[in-house]
Amino acid sequence: MSVKLKRKSIVRKKKLAASLIKYFVLVVLFVFSIFPFVWIWLTALKEPSELLDNIFGFPASFNWRNFTQAWVKGRFGTYFKNSIIITVPTVAGVCLFSALAGYAFGKLKFIGRNFLFFLFLLGLMIPFQAIMVSLYYELRDLHILMTYWAAILPMAALGLPLGVFIMRAFFKGLPYELMDAALIDGCNQFGVFWRVMLPSAAPALSSVAVFQSLQSWNDFLVPLLYLQKDELRPLTVGLMLFKGRYTINYPMLAAGATIVTLPLIIIYIIFQRQFISGLTAGALKG
Amino acid sequence: MTTSVNVLSGKLRKSLVAYLFLLPALLVYCTFVLYPIIDNFALSLTNWQGGTDPKTFIGLENYLHALRDPMVLLSLQNNLVWIVGVTIGVVGLALLSAMLLWTTDKGRLLFRTVFFMPAILSLVVTGIIWNWIYNPVFGILNKIFESIGLSGLSRGWLGDSETALFSVIVTKIWQGFGWSMVLFLAGLMSIDMDLLDAAKIDGANAWQRFRFVTLPQIRHVTTVVTLIAIIAGFKVFDIIFVMTQGGPGNKTLVMSIYIYRQAFKYDAPGYAAAVSIILAAIILSISVIYIRLRERGE
């Protein structure tokens, strides 16, 4: 009896040790992942003078002045508005156009289907550098260079390959019966799409929407190259230039970074599942 | 006779309807991606200096020059170091954390949320935050080392040619491992538990079960994660641009940054176009080879 109990308690101790090691590693990774965020948010609340003495600790008082300064003097209010103006049309366009094209690729038979799909896949593999110069002159010749379209159109074009890929995979998975039932009821192809296929595509559409929103919100090279007027710049470019201008005033820079990140993080925490499924959907289907 | 004509017009009409669905996407994509690619290729055959200068046709001279350009070789080397470093780091950490979370019930959601969080940040913000962490004077990394008595390890992480590339790689690993972890977790959760139980009954220990049951079962996810890491590694631009601009002394110069420099700093967009086409060709070939290998393995 006692030998059996002893063996059981050894096994239990081993399991406990394994559990402790596991949680220890997880906590280390946790701290590794989160400390840059926490540090930046804390620093945004500090006085510039506190920086050298009090790098780790909590701010002496909650100094909201950095935020108001960043918003007004740093023009983050304008940049925030611009990010929204650029992101919303891009996401709407990519969602709608990808759904239309994805439906065609996934459910309709037509000449050149594989070739055209491959054409879209090309866009996933080419580096942006392969088109950035030509795009600049093309946008200039189309006279849209210093307008929001100079960012919206290229971003949408670059987002379409993945969008089409995801929507096509989704529509392929829908049963043909849905389509046939609607056709029998007298719908034409577009009616089938609009009334039957699209409503059931909500999960795939939300993946595309989340992914494209993040891409557009965080994009920095396209607006940097094609939106060279300060009134048009989105947050990413604004932050980069802000860094160049206020290198000494770290708390204000941190406040700027916080303005850029905090709303996104809050939305992320609320809509976690959609974010994660949206950002990994393309890869899982591959 | 009439039947075959009907069939033909039916197929044609179906195709036309399909093209209508494709039209918006195709229009935007062709105008703002395909046309620039072709134009870029045409550009690569000239020695254009940008602006209002004339474009003189010089054939494949840019390509020949690029193949002999030591900076191209150096950039490619840096890209390869980057790819190896980031892939090993990301896959390693992602697999580790996925395995840990797979066997954890308490707090799985919290850990997943936090591990994934870095992936939603703009690379500009990530670069700024980590620039600051690595700062020799104000940076938290050196402060940590000093406070635990390892001040010998303090240095200018991004300014030191020995540590610059490595430091940016660590930043990228921080940013990317959560995303890959989610994919690995999905793969792990779809493993048939009976296989593992059978292995346990056959006497396999934990490591053997991992190597001979778990790993093969997540082969698909591993392939996808690695391929994406490789392609992204060749295309990398934003994070290095924000953190080191390719310096110090070209220690972090990668292909995309070299192309950017040639196009905008050295007024050689024709040459830049050629190098960019070379980069695109490399990415395409590696993707095709990788996918072929994977298909053969299955």
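**Contact between the chains.** I began with the place where chain A and chain B meet. The model is a predicted one. I found that chain B brings 70 residues to the contact and chain A brings 68 residues. I then asked which element of chain B gives the most to the side that touches chain A. The entry I wrote down is helix α1 of chain B, residues 2–43, with 19 residues. I also sorted the residues on this side of chain B by kind: 55 are nonpolar, 10 are polar and five are charged.

**The nonpolar core.** Next I looked up the largest nonpolar core. I noted 172 residues in this core. Which residues have the most contacts inside it? I listed L160(A) and M167(A) from chain A, with A25(B) and V275(B) from chain B. Helix α7 of chain A, residues 149–173, supplies the largest share of this core, 16 residues.

**V275(B).** I picked V275(B) out of that list and looked up its partners. I left aside the neighbours within four places in sequence. The residues then in contact with V275(B) are A66(B), V72(B), Y258(B), I259(B) and Q262(B).

**Chain A, elements and extent.** I turned to chain A. How many helices and strands does chain A have? I counted 14 helices and zero strands, so read from the N terminus on, every entry in the order of elements is α. Why is chain A described as more spread out than a compact globule? Its radius of gyration is 25 Å, whereas the globule rule gives 19 Å for 286 residues, and the first value is well over the second, so I recorded chain A as more spread out than a compact globule. Along the principal axes, I noted a span of about 75 × 70 × 35 Å for the C-alpha trace of chain A.

**Chain A, burial and contacts.** I checked burial in chain A and found that 44% of the 286 residues count as buried. I then took the contacts in chain A with a separation of 6 or more. Of these, 77% are between residues 24 or more positions apart.

**Domains.** Last, I looked up the domain assignment of each chain. For chain A, I wrote down domain 1 as 2–65 and domain 2 as 75–245. The centres of these two domains of chain A, taken over C-alpha atoms, are separated by 40 Å. For chain B, the entry is domain 1 at 1–32 and domain 2 at 65–297. I noted 42 Å between the C-alpha centres of domain 1 and domain 2 of chain B.

How values were computed. Residues numbered from 1 in each chain as written. Chains lettered and ligands numbered in written order. Predicted model: local features only at pLDDT ≥ 70, side-chain atom pairs only at ≥ 80, totals over all residues. Domains from an automatic or database assignment. Contact = placed C-beta atoms within 7 Å. Helix = DSSP H or I, 4+ residues; strand = E, 2+ residues; numbered from the N terminus. Nonpolar A, V, L, I, M, F, W, Y, C, P; charged D, E, K, R; others polar. Rg over C-alpha atoms; globule rule 2.2 N^0.38 Å. Buried ≥ 20, exposed ≤ 12 C-beta atoms within 10 Å, placed from the backbone. Core = buried A, V, L, I, M, F, W, Y, C linked by C-beta atoms within 7 Å.
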